[in-house]
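I opened a new notebook page for this structure. These are my entries, in the order I looked things up.

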Amino acid sequence: MGVCLSSTITIFALAAFSLLLAANVGTVKQNSFKSNIYMLELSLKDLELSTILPQQYSRYLAETLGFADGYVLGMYGYCRGFSNGDGDGDNLWDTLTYNKADCSGTSTNYKFNLATFIVHQINTYNTANLEVDVSSISLPKDLDTYITVSNDVSRIIYITSIIAICLQFVTIFAQWFLHTFCGIFMVSILQLMTLIAAFLSSGSATALYLIYYGGLNSIEDGIRARMSINFLALTWTGAGCTLIAFVLTLFNCCCGGRKSKQKEKDNYERVIE
């Protein structure tokens, strides 16, 4: 039973590790196709330039200023996307395509700031030889607030997912080498910490989903956003597998650990005799 239980725990722990890792590394430069695992898909196709840019810039078309039709953003960077049709409304997302050449470099310190993001897009990709700075960007107060909050939540997701991934990796190997009662108890504590981190990450991702849908899309500025359902599915399924692994580890600690403790006692008594 002990080997069978340990194997079952390992299977769920490996599943949790793989799912959480997949959610964490979505939308990186190495992808040669549109990643379906992203934290934010941002559409600027209908961007109201007059709401964010000075008058002298707002007369230009979005394409002239260098804006792509849409962007996918992950924890380590973003990719630019262009519409291959006349999609509108909910169909807009289906017309966007992303290529490897249009992705930023990966960075563990990547942080999305809409004002600096807009400035970078214009200064890098505009075809009218324009130069703008952050001071010339005027974001609606509500939009700026939502972006600030989403950045804070995104950082929580990043930190807690990294913690969950690392701890899950440790527990996978630790349970096969720590067979004493104290060892199994330590694995249970590690698995509990993994569970807390995984649920914090998944819960924060759900909060971010609500911010995007209930916040950004309610502002009349032409900016539309959505979150990847695949990202949510991966992180919550990973959290679920972590929960199962923790329950099984706790069961192993209560039952298997008691047997291990009794065995240690019997061995000690034989030595005394």
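**Entry 1: the surface patch.** Before I searched for patches I needed the rule: a residue can join one if it has over 30% relative accessible area and no salt bridge, and nonpolar side chains are joined within 5 Å. I also noted that I'm working with a predicted model. With that rule I found a nonpolar patch on the surface made of Val3, Phe169, Val170, Phe173, Trp176 and Phe177. Together these residues have about 640 Å² of accessible area. Which element gives the most to the nonpolar patch? I found that helix 5 does, with five residues.

I picked Phe177 for a closer look, and I found it in helix 5. Its relative accessibility is 65%. The cut-off for exposed is over 50%, so Phe177 counts as exposed.

**Entry 2: the overall layout.** I stepped back to the whole chain and noted seven helices and five strands. Reading from the N terminus, I wrote the order down as α-β-α-α-β-β-β-α-α-α-β-α. The chain has 273 residues, and I noted that 48% of them are buried.

**Entry 3: the cores.** Next I went inside. The largest nonpolar core has 31 residues. I listed the ones with the most contacts inside it: Leu42, Phe67, Tyr71, Phe112 and Leu114. Then I checked where the core comes from, and the elements giving two or more residues are strand 1 (40-43), helix 3 (62-65), strand 2 (70-73), helix 4 (114-125) and helix 5 (141-177). Helix 4 gives the most, with six residues. I also found another core lying apart from this one. That core has 14 residues, among them Ala23, Ile157, Leu232 and Leu234.

I followed up on Phe112, one of the residues with the most contacts in the largest core. I located Phe112 in the loop between strand 4 (96-103) and helix 4. Is Phe112 buried or exposed? Its relative accessible area is 8%, and buried means under 20%, so Phe112 is buried. I then looked up Leu73, which is 39 residues from Phe112 along the chain. The C-alpha atoms of these two are separated by 8.3 Å.

**Entry 4: the rings.** I searched the whole structure for aromatic pairs and got seven. One of them is Tyr76 with Tyr158, and I wrote it down as edge-to-face. Their centres are 5.7 Å apart, with 80 degrees between the planes. Where do the two partners sit? Tyr76 is in the loop between strand 2 and strand 3 (78-83), while Tyr158 is in helix 5. They're 82 residues apart, and the pair links distant parts of the chain. I checked burial too, and both Tyr76 and Tyr158 are buried. For Tyr158 I noted a relative accessible area of 16%. Tyr158 also led me to Ser204, 46 residues away along the chain, with 9.8 Å between the C-alpha atoms.

I found a cluster as well: ring pairs link Phe17, Phe169 and Phe173. Phe169 and Phe173 were already on my list for the nonpolar patch.

My last ring note is about a charge. The charged end of Arg80 sits over the ring of Tyr125, 3.6 Å from its centre.

**Entry 5: an unusual phi.** I stopped at Asn129, where phi is near 55 degrees. I flagged it because most residues other than glycine have a negative phi. Asn129 lies in the loop between helix 4 and helix 5. Its relative accessible area is 77%, so I put Asn129 down as exposed.

**Entry 6: two residues on helix 6.** I finished on helix 6 (residues 181-214), where I found Met193. Met193 counts as partly exposed, at 42% relative accessibility. I looked for a partner and noted Phe246, 53 residues apart from Met193 in sequence and 9.6 Å apart in space, C-alpha to C-alpha.

Cys182 is in helix 6 too. At 55% relative accessibility, I wrote Cys182 down as exposed. How many residues lie between Cys182 and Cys253 along the chain, counted as their separation? They are 71 residues apart, and their C-alpha atoms are separated by 9.0 Å.

Methods: Residues numbered from 1 in each chain as written. Predicted model: local features only at pLDDT ≥ 70, side-chain atom pairs only at ≥ 80, totals over all residues. Heavy atoms only, no water. Core = buried A, V, L, I, M, F, W, Y, C linked by side-chain atoms within 4.5 Å. Buried < 20%, exposed > 50% of the residue type's maximum accessible area, 1.4 Å probe, protein only. Helix = DSSP H or I, 4+ residues; strand = E, 2+ residues; numbered from the N terminus. Patch = residues over 30% accessible without salt bridge, like charges linked within 9 Å, V, L, I, M, F, W, Y side chains within 5 Å. Areas by Shrake-Rupley, 256 points an atom, 1.4 Å probe, with all protein chains shown as cover. Salt bridge = Lys/Arg side-chain N within 4 Å of Asp/Glu carboxyl O. Phe/Tyr/Trp six-rings, centres within 6.5 Å; stacked < 30°, edge-to-face > 60°. Lys NZ or Arg CZ within 6 Å of the ring centre and 35° of its normal.
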